[in-house]
Each structure stands twice: as C-alpha cells, then as structure tokens.
Amino acid sequence: MTVSTRYQLRRANLDDLAEIVSWPQTPTELRYLFPRASWPAEPLKLLEHLAGHDEGFVVCDAGRVLGFASLYNPKQQGRAWIGHLIVHPQARRMGIARYLVTALTTVAAECYRSSEMATICFAHNQGAYDFYSKLGFRNEGWETRSDHLGEPLKVYRLSKAI
Ligand SMILES: CC(C)(COP(=O)(O)OP(=O)(O)OC[C@H]1O[C@@H](n2cnc3c(N)ncnc32)[C@H](O)[C@@H]1OP(=O)(O)O)[C@@H](O)C(=O)NCCC(=O)NCCS
C-alpha cells in the first residue's frame with residue numbers, strides 16, 4: 001500500500017474545527033459524524049462537540065485543511081479509537097483519509113503504545129465501510145446507537161491490530 005507524502009498531519013485548532021463542521025453535505029452524512037445532530041446543522045453545537053474530544057488532527061496539503069479525525073481513549077485496553085473521520089467534499093478519493101488513518105496509527109503506537117485501532121461505522125455507510133476494509137480493518141460485530149430522534153441505528157465495530 002502506498003501512502004502519499006505530500007500531506008502533513010497536525011493537531012486541529014478552533015479555526016480548523018469551525019471550517020470542518022461545514023463539510024457534511026447531507027443530513028445522512030452529518031449523522032455519520034454526529035449521530036444526534038439535527039439538520040440543518042448548528043455549527044456552534046458541532047464545534048463544541050468536536051472541541052470536547054481530546055485529540056483532533058487535521059491533514060493539510062500546501063497549508064489547506066482537507067481532512068479531520070479524532071483520536072480518543074488511546075490508553076483504554078491498548079485500543080485507540082478513531083472518530084469523526086471526514087474529508088473535504090472536493091478532496092475525496094485522493095488518499096487523504098488513508099494518510100490520516102495511517103498517521104494516527106503511528107501516533108497511537110508510538111505515543112500510547114496502542115496495539116489496536118478501532119472505530120464505529122454506520123451499517124449503511126458503505127463508502128466508509130469499504131474504506132476501512134481496504135485499510136485492513138475487520139468487522140467485530142454490531143451494536144446500536146441512538147439518532148437525533150432517539151431511534152436505534154445499527155453500527156459496526158471495526159478494528160485492526162497495529
Ligand atoms: C469515507 C471517507 C472518509 C474516505 O475518505 P477519502 O480520503 O476519500 O478516502 P481515500 O482516498 O483515502 O480512499 C482510500 C481507499 O479506500 C476506498 N474507498 C474510499 N472511499 C470509498 C468509497 N466512497 N466507496 C468505496 N471505496 C472507497 C478505496 O479503495 C480507496 O482507494 P482508491 O481511491 O485507490 O480506490 C470520505 O468519503 C468521507 O469523508 N465521507 C463522509 C464522512 C464519513 O462517512 N466518514 C466516516 C465515518 S465512519
């Protein structure tokens with residue numbers, strides 16, 4: 001697997017988050033990232049939610065922010081979790097998410113001695129499911145989460161040994 005070296009990883013700041021919350025294109029896509037969010041999105045609420053997570057990272061290309069993900073619970077049972085993965089709508093299928101997940105795997109292994117990466121993926125988010133499968137994540141099983149109306153949503157738990 002080749003990973004592009006033209007991208008850079010850095011920690012997200014508040015300006016980044018303010019931009020990233022405008023990326024979800026549809027109500028469905030918004031809920032892939034924020035299951036309890038209502039449409040149209042309320043940027044301040046989303047920003048507050050993202051800022052409340054420990055570690056947000058962005059991928060930049062020539063200074064332009066093109067991807068985002070959170071890394072959380074990295075010390076829990078040696079397992080680091082990826083959340084809120086999103087790529088700018090005009091920059092998809094350019095290897096940005098692959099670069100980001102690969103880079104976060106290095107951060108988890110080197111900074112937290114994690115031995116596994118994991119994430120939650122909505123059962124009907126086929127694009128994200130295919131993406132994680134391509135990177136070697138395996139389906140561990142499913143569980144339910146609540147959406148903004150309190151309705152149950154089926155999600156898969158995906159994981160990969162580092
Ligand atoms: C899912 C997502 C993060 C992928 O980001 P990306 O930067 O476009 O992915 P990459 O370019 O790194 O893709 C790497 C490989 O994953 C697979 N892949 C990525 N997106 C895919 C899609 N929509 N359908 C099928 N396979 C896909 C492909 O094999 C791809 O390699 P290829 O382009 O050489 O065929 C992006 O589509 C996105 O932001 N979606 C909306 C938010 C979302 O659903 N987040 C995930 C929450 S679990």
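In this predicted model, the protein chain holds 5 helices and 7 strands. Read from the N terminus, these elements follow the order β-α-α-α-β-β-β-α-β-α-β-β. The radius of gyration is 15 Å, close to the 15 Å that the globule rule gives for 162 residues, so the chain is as compact as a globular protein of that length. Along the principal axes, the C-alpha atoms fill a box of roughly 40 × 35 × 25 Å. Of the 162 residues, 29% count as buried. Among contacts with a separation of 6 or more, 59% join residues 24 or more positions apart.

Turning to the interior, the largest nonpolar core has 32 residues, and those touching the most other members are Val59, Ala69, Ile82, Ile86, Ile96, Leu100 and Leu104. At least two residues of this core come from each of helix 1 (14-20), helix 2, helix 3 (43-51), strand 2 (55-61), strand 3 (64-72), strand 4 and helix 4. Helix 4 provides the largest share, 7 residues. Leu104 offers a nice example: leaving aside neighbours within four places in sequence, Leu104 is in contact with Phe57, Ala69, Leu71 and Ile82. A second, separate core of 5 residues includes Cys121, Phe137, Tyr156 and Leu158.

Next comes the ligand, which has 19 residues around it; Arg92, Ala97, Arg98, Gly127 and Asp130 come nearest. Helix 2 (27-33), strand 4 (79-87), helix 4 (96-112) and helix 5 (126-134) each supply at least two residues of this shell. Helix 5 gives the most, with 5 residues. By type, the shell divides into 10 nonpolar, 3 polar and 6 charged residues.

Technical notes. Residues numbered from 1 in each chain as written. Predicted model: local features only at pLDDT ≥ 70, side-chain atom pairs only at ≥ 80, totals over all residues. Near = placed C-beta within 6 Å. Helix = DSSP H or I, 4+ residues; strand = E, 2+ residues; numbered from the N terminus. Nonpolar A, V, L, I, M, F, W, Y, C, P; charged D, E, K, R; others polar. Core = buried A, V, L, I, M, F, W, Y, C linked by C-beta atoms within 7 Å. Buried ≥ 20, exposed ≤ 12 C-beta atoms within 10 Å, placed from the backbone. Contact = placed C-beta atoms within 7 Å. Rg over C-alpha atoms; globule rule 2.2 N^0.38 Å.
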